[in-house]
Amino acid sequence: EEAVLPETENTEETRTGRESGDVQVRRIRYATDEEELWKALKEVEKHWSNYALVEDDEDLILDYEADSAMASPAPATGGAVYEAGSNTDTALPEYSDTNVRTEGVDEADIVKTDGKYLYILHEGTQLLIVQADKADTRLLSRTEVYQGMDFWWNAGARELFAVDGKVYVITVEENDLHPEGELYSTYGISSRKTCLKIYDVSDPENPLLEKTLVAEGEYSQARRKDGFLYLFTSWQPQLGERWQESLLLPIAGESTVPVRKVILPDIMTSTNCLVMTALSLENDSQWSDTAMMVSGADQLYISADNIYAVNENDWSSSDQSEITKIHYERGAFTGVGAGTVHGQIDDSFSLDEYQGNLRVLTSYWGTLKKSLFEIISGLLDLDYYS
């Protein structure tokens with residue numbers, strides 16, 4: 001069934017719901033202060049501490065999707081194409097770019113080209129720039145972008161973008177943003193930070209590191225659209241006995257994510273958080289916006305206009321999946337709404353935005369009798385227990 005999430009105001013008002021079949025839509029809820037955030041995280045920690053089947057926070061979602069405009073498979077020859085030296089999506093094709101899930105939304109990769117040079121991440125430590133001029137193909141420079149040795153936890157350079165004489169290298173490194181961080185675990189995503197290293201490659205033989213921006217957590221995905229870069233990381237708060245003794249907000253740039261930019265979904269399956277950061281490619285001195293969502297970092301679908309984060313409640317008698325919709329545009333994140341659907345969403349390929357509607361495919365693993373009872377109970381607003 002097609003779930004249309006409402007274009008509601010982004011407020012902290014009391015949530016209201018609207019039901020259609022087994023789909024319910026409502027407004028999203030933001031944290032008002034750190035104490036409320038701590039209480040929500042402690043409830044999640046308490047509720048899910050008895051279960052061992054929480055998804056691994058290192059699992060990355062691999063993105064592939066049909067052309068969002070035509071709902072047809074992407075061409076076998078590759079994804080979006082761009083004119084050499086151009087940053088527009090409508091230019092004439094002269095060379096291929098990364099095969100992308102959504103037309104017009106560029107994705108990070110380990111190899112990029114501008115039609116003249118190849119920019120390559122080599123063994124997670126080096127940026128190679130290769131002149132790609134027909135028969136005259138040669139290595140122009142080799143730059144160290146990561147010098148750590150902790151490859152056992154998958155540190156190092158992950159992916160990059162190449163845009164208008166600059167290369168944006170994404171690395172995962174040891175988190176040194178909290179030197180006093182006694183609450184931080186030695187291992188896991190809390191001990192990691194994601195770095196966006198900006199290199200001036202106007203002289204490809206001598207790349208120059210201009211700036212490094214940071215966001216706490218493990219790197220998940222990145223996108224580029226309309227002159228802005230969007231970075232998504234997965235971060236784990238550290239909870240103490242009181243909220244004053246806890247590390248509840250991640251550092252992104254020179255400050256923490258504002259608590260009033262933290263989304264608290266109804267269904268929370270872990271204390272793992274999705275951290276969202278945006279950067280203007282014209283003014284890349286600092287993040288233009290930051291936001292966070294508790295839970296929802298495991299399944300992520302990014303369309304041309306919106307971010308959809310999924311939380312699944314598969315331990316109840318009635319499997320439900322909550323989808324939170326966050327609009328992104330011109331380097332800013334705006335919460336829109338949330339929807340709950342019956343069943344489980346297998347992966348991000350089961351979500352697709354088309355003409356303003358979100359199309360969702362869910363699976364249900366119960367017996368037919370149980371399924372019918374639960375669907376009828378949902379329609380009639382009755383309580384059903386297996």
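Which residue stands opposite Leu 128 in β10? The first point below takes this up, and the remarks throughout concern a predicted model.

1. Arg 142 in β10 is the residue that stands opposite Leu 128. The two strands concerned are β9, which covers residues 126-133, and β10, and they pair in the antiparallel sense over eight bridges. As general background, strands of a sheet pair through backbone hydrogen bonds, in either a parallel or an antiparallel arrangement.

2. The β9 and β10 pairing belongs to an open sheet of four strands, in the order β7-β8-β9-β10, with antiparallel pairing. At the edges of this sheet are β7 (111-113) and β10 (136-144), each of which pairs on one side only. From one strand to the next, the twist averages 20°.

3. A hairpin is formed by β26 and β27, with two residues between them, and Gln 355 in the turn has a positive phi of about 50°. Strand β26 (residues 351-354) is joined to β27 by four bridges, and the two run antiparallel. Within this pairing, Leu 351 stands opposite Val 360 in β27. The same Val 360, together with Leu 358, makes up the covered face of strand β27 (residues 357-360), whereas Asn 357 and Arg 359 make up the uncovered one.

4. Turning to the interior, the largest nonpolar core has 37 residues, of which Leu 37, Tyr 168 and Met 292 touch the most other members. Helix α1 (residues 34-48) supplies the largest share of this core, namely five residues. A second core, separate from the one just described, holds 21 residues, including Leu 274, Ala 291, Tyr 328 and Phe 333. It may help to recall that in soluble globular proteins nonpolar side chains tend to be buried together.

5. Aromatic rings deserve a point of their own, since a search of the whole structure finds four aromatic pairs. One of them joins Tyr 230 and Tyr 328 in an edge-to-face arrangement, with 4.8 Å centre to centre and 70° between the planes. Because Tyr 230 lies in strand β16 (residues 228-235) and Tyr 328 in strand β24 (residues 320-329), this pair ties together parts that are 98 residues apart in sequence. Tyr 230 counts as buried because its relative accessibility is 2%, and Tyr 328 is likewise buried, with a relative accessible area of 3%.

6. A further aromatic pair is that of Tyr 301 and Tyr 308, whose ring centres are 5.8 Å apart and whose planes meet at 15°, so the pair is stacked. Tyr 301 has 0% relative accessibility and therefore counts as buried, and Tyr 308, at 1% relative accessibility, counts as buried too.

7. Tyr 230 and Tyr 328 also belong to a cluster with Phe 333, in which the residues are linked by ring pairs. Two members of that cluster, Tyr 328 and Phe 333, are also among the residues of the second nonpolar core.

8. A polar residue can be set beside these nonpolar and aromatic ones. Glu 218 has its place in strand β15 (residues 218-225), and because its relative accessibility is 4%, Glu 218 counts as buried. The side chain of Glu 218 is joined to that of Arg 192 by a polar contact of 2.5 Å.

Notes: Residues numbered from 1 in each chain as written. Predicted model: local features only at pLDDT ≥ 70, side-chain atom pairs only at ≥ 80, totals over all residues. Heavy atoms only, no water. Buried < 20%, exposed > 50% of the residue type's maximum accessible area, 1.4 Å probe, protein only. Pairing = 2+ DSSP bridges. Core = buried A, V, L, I, M, F, W, Y, C linked by side-chain atoms within 4.5 Å. Polar contact = N/O pair within 3.5 Å; in protein donor to acceptor, adjacent residues only side chain to side chain. Phe/Tyr/Trp six-rings, centres within 6.5 Å; stacked < 30°, edge-to-face > 60°. Axes fitted to C-alpha atoms, helices over the stretch in contact; angles between N-to-C directions.
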